[in-house]
Structures are given as structure tokens and as C-alpha cells.
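Before you take this model further, here are some points on its architecture and local geometry that may be worth having beside you as you look. They are set out one by one so that each can be checked against the coordinates.

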Amino acid sequence: MPSTLLQLCCSAMETLAPKLPSLKVLNPSSSSSSPSCSTARSSSSLRAGLRRPFSLSISASAVREGDPAVGSVSLGHVTRTDFPILHQEVNGSKLVYLDNAATSQKPTAVLKALQNYYEAYNSNVHRGIHFLSSKATDAYELARKKVAAFINASESTEIVFTKNATEAINLVAYSWGLSTLKPEDEVVLTIAEHHSAIVPWQLVAQKTGAVLKFVNLDETESPDIEKLRQMLSRKTKIVVVHHVSNMLASVLPIEEIVLWAHDVGAKVLVDACQSVPHMAVNVQDLDADFLVASSHKMCGPTGMGFLYGKRELLSAMPPFLGGGEMISDVFLDHSTYAEPPSRFEAGTPAIGEAIGLGAAIDYLSGIGMQKIHEYELELAKYLYENLLSVPNIRIYGPVPSGNTNRAALCSFNVENIHPTDIATFLDQQHGVAIRSGHHCAQPLHRYLGVNASARASLYFYNTKEDVDDFVRALNDTVSFFTSFK
Ligand SMILES: Cc1ncc(COP(=O)(O)O)c(C=O)c1O
């Protein structure tokens with residue numbers, strides 16, 4: 001950005017917020033700024049300068065009548081009453097929470113399940129015969145059954161509780177990968193994988209001599225599935241793919257990929273972090289060998305995720321972590337191990353969080369995943385179409401069409417405005433929470449020629465009115481940053 005414009009920006013900011021320190025406005029393609037996936041670094045000065053006094057208030061009624069976009073009361077209007085956190089003001093504006101791909105909010109039912117566990121039956125699992133321990137064990141194992149039913153696993157022993165999806169992927173990489181991969185074996189991934197699906201395989205490839213092969217995007221800006229098919233050979237031992245991209249909003253045909261992979265004798269690990277919370281996922285229909293997801297993205301607590309693995313695969317895998325709970329017998333010179341899933345759950349697990357995940361699954365199932373999916377498809381289209389009205393915007397990923405559905409999220413850049421400046425201004429001036437950075441997808445951003453983007457991601461408790469508020473705020477943000485030209 002030219003320095004005169006920078007100065008103009010700064011002076012306009014000063015008018016807006018007299019105590020504003022120097023403002024740094026960055027071009028998204030500049031390599032000087034690479035915000036991490038969890039922080040937005042470039043504009044701490046902007047953040048500090050524009051902050052209004054924090055206020056929080058619970059709105060009287062969550063259901064707003066006459067949503068102009070919906071015409072009747074939508075799923076978003078009905079369900080948002082279940083999420084206390086959504087009914088507050090942030091920086092003097094009504095909160096519009098559009099960072100759901102990072103983490104979802106939690107309904108009262110989940111908060112109550114957590115509180116009830118700690119108030120009424122907190123105890124360690126699998127270890128005690130007393131009343132509280134039995135009750136906690138039953139609830140913990142019931143949560144496993146709920147996860148199994150939710151993704152249609154054939155039995156609950158195919159579900160391993162982990163602390164998040166990242167740990168679940170590491171479990172497969174270190175247990176299955178280290179014991180299976182040999183030099184020259186190939187692991188096929190796409191460049192659109194989340195870091196948590198790339199880095200563990202890099203680490204294991206370094207140890208085993210296996211080779212990682214990456215599929216680029218095709219002309220629609222989706223992972224190139226044809227190339228992936230061509231890349232598969234008898235050397236391929238595992239295909240590691242996301243189901244729904246957390247940046248491109250594209251959806252991969254997992255059933256086909258699994259068929260192709262199985263044809264060459266390879267396994268498939270599906271990163272379902274962005275699909276399981278938003279649509280019905282059936283592991284038996286997909287025939288996936290491994291599938292992972294995180295509780296916190298599907299209305300459940302943080303600190304909890306799960307790995308689904310076919311029984312025969314889990315049974316043949318060595319432990320990932322050693323300790324209590326995962327053993328059969330311990331001698332001084334060796335140990336024998338419990339059957340899965342215990343073999344992979346060393347130490348005291350996140351008991352309350354597992355129970356909270358079970359409550360989240362009850363809640364989502366009560367609404368119906370098909371209903372959630374259909375509503376989100378409508379929101380996805382509405383978000384994409386309305387964002388196109390923003391001047392100089394570039395939305396990443398495929399263009400929605402009759403046979404191309406996008407997830408309800410958009411990653412974008414606006415020419416000459418750093419995404420972190422956009423996210424900061426939206427938060428400070430409009431109470432709109434979006435994400436900026438590389439969304440733990442640096443290789444993908446590099447491929448797209450930028451090192452950061454802004455991302456708005458929706459969930460079923462969002463409404464078209466949220467999208468309207470966001471797009472209005474974004475237009476205001478863009479005109480603020482471009483009004484000095
Ligand atoms: C596609 C995808 N995979 C994996 C992850 C990692 O999830 P977690 O940080 O909960 O382990 C995320 C989180 O953003 C994601 O979006």
C-alpha cells in the first residue's frame with residue numbers, strides 16, 4: 001500500500017478513534033505477515049485503537065420476526081435460542097458469530113450435561129466399583145455408543161476417544177503408519193489438507209522413508225480428483241483426504257476415492273472435521289478405513305475428538321501412547337495390551353467432555369442432520385451470492401452450481417486490504433466475528449498466491465440476517481479502507 005494511503009488510513013482512524021496508535025495495513029500477498037491459524041497478528045494496533053468499551057447483554061428474544069431473507073422462521077432463528085453465548089453485544093454491536101469452522105458454540109443442553117457430570121457423578125472411569133465411578137463409566141461408554149450410531153459405525157469399539165481430530169490423525173500416523181510404511185511407499189494427500197493432516201505424515205515419512213504425494217487443485221479450484229485417481233498405484237499405502245475443505249468449501253466424493261484406493265490395496269483416512277458437524281456421515285456407506293472429527297466443531301466441548309477405525313485395522317495396530325487403561329498385563333520387562341478402543345486411550349480420559357459430546361450428538365440428532373445440511377446449503381448459497389456484491393472481492397473455491405455444492409463458508413480476500421485488517425475492523429466496529437490467517441492451510445494459500453485470507457463460516461444457528469449484517473459490515477469495512485484513494 002502506498003505510504004500516503006497508509007497515512008490517510010491512519011488519520012481517518014484517528015478521527016474514528018482518537019487514541020489509535022499507528023495502523024499497519026498489509027497486502028495479503030506480502031510475505032511479511034503470516035498470521036498463525038489461531039491468531040490474527042497484523043493489526044494489534046488497529047485492534048487496540050478501535051476498541052469500544054466491552055459490553056455484554058442477553059437479548060430478550062432470540063427469535064426475530066420478519067427475517068427479510070427467509071420469509072418465515074428459519075432453523076437458525078429457532079435454534080439460536082439454545083445458544084446463550086449468541087445473545088450478547090460485542091464492541092457495542094450485536095454479536096454475529098461467523099467463525100464456526102474454527103469452533104462451534106455450545107447449546108444449553110451440552111452445558112447442562114457438563115455441569116451435571118461435575119455436580120452429580122464426577123469420578124474416574126473403568127477403575128472403581130463404587131456408585132459414582134460406575135455411573136461415570138456408563139455415561140462415558142454411552143457417549144461412545146452415541147458417536148458410533150451418529151456415524152453408523154458397526155460397533156462402538158470402533159470409536160477411539162482422542163483429545164481432538166489432530167490427535168486422532170497422529171494416532172493413525174504413528175501407530176498404523178510407523179508399523180506399516182516402508183521406504184518408497186506412498187501417502188497420497190491433497191494440497192488442501194489441514195496442517196493436522198499433513199504434518200503427522202511428514203514426521204512419519206521422515207522416519208520410514210515413505211513418500212508424500214500431493215494433488216493440486218483443478219480449474220474449478222477444487223482438489224483435482226482425476227489427478228488423485230491417476231496418482232494411485234500399488235505403491236500407495238494410504239490416502240489422507242478431507243471430506244469438506246475448511247478453506248475452499250469444496251466437498252470431495254469420498255465414496256469414489258475409497259473405491260479407487262481400495263482397488264490398489266490402499267487405506268483411506270478421511271478428515272471429516274468439516275463434514276460430520278454439518279451433514280449425515282455414514283462410515284459404512286463411505287467404506288472409509290479411518291475417519292476423524294473434533295467435538296468442539298459439532299456443538300460439543302473442546303478437548304475431545306474421535307477416531308473411527310475399522311475393527312480389524314484397530315485390532316492389528318500397536319499402541320500409540322503407553323500408560324494406565326491401555327494395558328492387559330504389565331511386567332517389569334514388557335506389557336501386553338488391551339483390545340481397542342482401550343489400547344488407544346492411555347490415562348484418564350476427558351470424561352465430562354465425552355459425555356458433553358454425547359449430549360451434543362443428542363442435540364444434533366434431535367434436529368436431524370439432513371435438516372441441518374439442507375438449511376446450510378441454503379445459507380451457503382446465500383452467503384456466496386451476497387459476498388459477490390462486495391467490490392474487488394476474490395472468493396476461493398468452486399463456484400456453486402446445480403451439481404456443485406459448497407459448504408456454508410467463504411474464504412476471501414479484498415484487493416489491497418489485509419484480511420486481518422478486515423477481521424479486526426469487522427470485530428471492532430460491527431461485532432462480526434470472522435477468522436483471518438492461513439486457517440492451518442499454508443500450502444493451499446501458497447498455491448493460491450496469498451499467505452492469508454479472511455473466512456466467514458456458518459452453522460445451522462446462523463440466519464440469512466447474520467449474512468446480511470456481515471455483508472453490510474464488510475462493505476462498510478471496504479469503503480473505509482478504500483475511501484482515501
Ligand atoms: C479440515 C480440518 N481438519 C482438521 C482440523 C483440526 O481440528 P482440531 O484442531 O480440533 O484437532 C480442523 C480444524 O480447524 C479442520 O478444519
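The points below go from the chain as a whole to two helices, a strand, the ligand shell and some backbone details.

1. Please keep in mind throughout that this is a predicted model. The chain has 16 helices and 17 strands, and 49% of its 485 residues count as buried. Of the contacts in the chain between residues at least 6 apart in sequence, 72% join residues at least 24 apart.

2. Helix α5, residues 131-150, has a length that can be checked by simple arithmetic: at 1.5 Å a residue its 20 residues should span 28 Å, and the end C-alpha atoms are 28 Å apart, which agrees. The buried residues of α5 are Ala136, Ala139, Tyr140, Ala143, Arg144, Lys146, Val147 and Phe150. Viewed down the helix axis, these buried residues fall within an arc of 160 degrees, and therefore they line one face of α5. The face turned away from that buried side carries the exposed residues Phe131 and Asp138.

3. What covers the buried residues of α5? The cover includes two helices, α4 (108-121) and α12 (351-367), together with the strands β4 (159-162) and β10 (305-309). Just after α5 in the chain, asparagine 152 takes a positive phi of about 55 degrees.

4. Alanine 148, which lies in helix α5, makes a useful single-residue check on the surroundings of that helix. Because alanine 148 has 19 C-beta neighbours inside 10 Å, and 20 would be needed for a residue to be buried, it counts as partly exposed. Leaving aside neighbours within four places in sequence, alanine 148 is in contact with Ala153, Glu155, Ser156, Glu158 and Ile159. Valine 283 is 135 residues from alanine 148 in sequence, yet their C-alpha atoms are 9.4 Å apart in space.

5. Helix α13, residues 369-387, can be treated in the same manner: its 19 residues should span 27 Å at 1.5 Å a residue, and the end C-alpha atoms are 26 Å apart, which agrees. The residues of α13 that are buried are Ile372, Tyr375, Glu376, Leu379, Ala380, Tyr382, Leu383 and Tyr384. These buried residues pack against the helices α3 (75-79), α12 and α16 (464-482), and also against the strands β13 (393-395), β14 and β17.

6. Is strand β17, residues 453-457, enclosed or open? Five of its five residues are buried, so β17 is largely enclosed by the rest of the structure. In a regular strand the side chains alternate between the two faces of the sheet. Here Ser453, Arg455 and Ser457 point one way from β17 while Ala454 and Ala456 point the other way, and all of them are buried.

7. The pairing of β17 involves two partners that deserve a look in the viewer. Strand β14, residues 409-414, runs antiparallel to β17 and is joined to it by four bridges, with leucine 409 having serine 457 as its bridge partner in β17. Strand β16, residues 435-437, also pairs with β17 in the antiparallel sense, over three bridges, and there arginine 435 has arginine 455 as its bridge partner.

8. Which residues are closest to the ligand? Of the 16 residues that surround it, the closest are Asn164, Thr166, His194, Asn246 and Ser294. The elements that give two or more residues to this shell are α6 (165-180) and α7 (195-208). By residue class, the shell divides into six nonpolar, nine polar and one charged.

9. The last point concerns backbone geometry. Most residues other than glycine have a negative phi, and most peptide bonds are trans. Glutamate 221, in the loop between β6 (211-215) and α8 (225-231), has a positive phi of about 65 degrees although it is not a glycine, and with 18 C-beta neighbours inside 10 Å it counts as partly exposed. Histidine 439, in the loop between β16 and α15 (442-447), has a positive phi of about 50 degrees, but with 26 C-beta neighbours inside 10 Å this histidine counts as buried. Finally, a cis peptide bond with omega of about 5 degrees joins proline 340 and proline 341, and proline 341 lies in the loop between β12 (335-337) and α12.

Notes. Residues numbered from 1 in each chain as written. Predicted model: local features only at pLDDT ≥ 70, side-chain atom pairs only at ≥ 80, totals over all residues. Expected span 1.5 Å × (residues − 1). Buried ≥ 20, exposed ≤ 12 C-beta atoms within 10 Å, placed from the backbone. Arc of directions from axis to C-beta. Contact = placed C-beta atoms within 7 Å. Near = placed C-beta within 6 Å. Nonpolar A, V, L, I, M, F, W, Y, C, P; charged D, E, K, R; others polar. Pairing = 2+ DSSP bridges.
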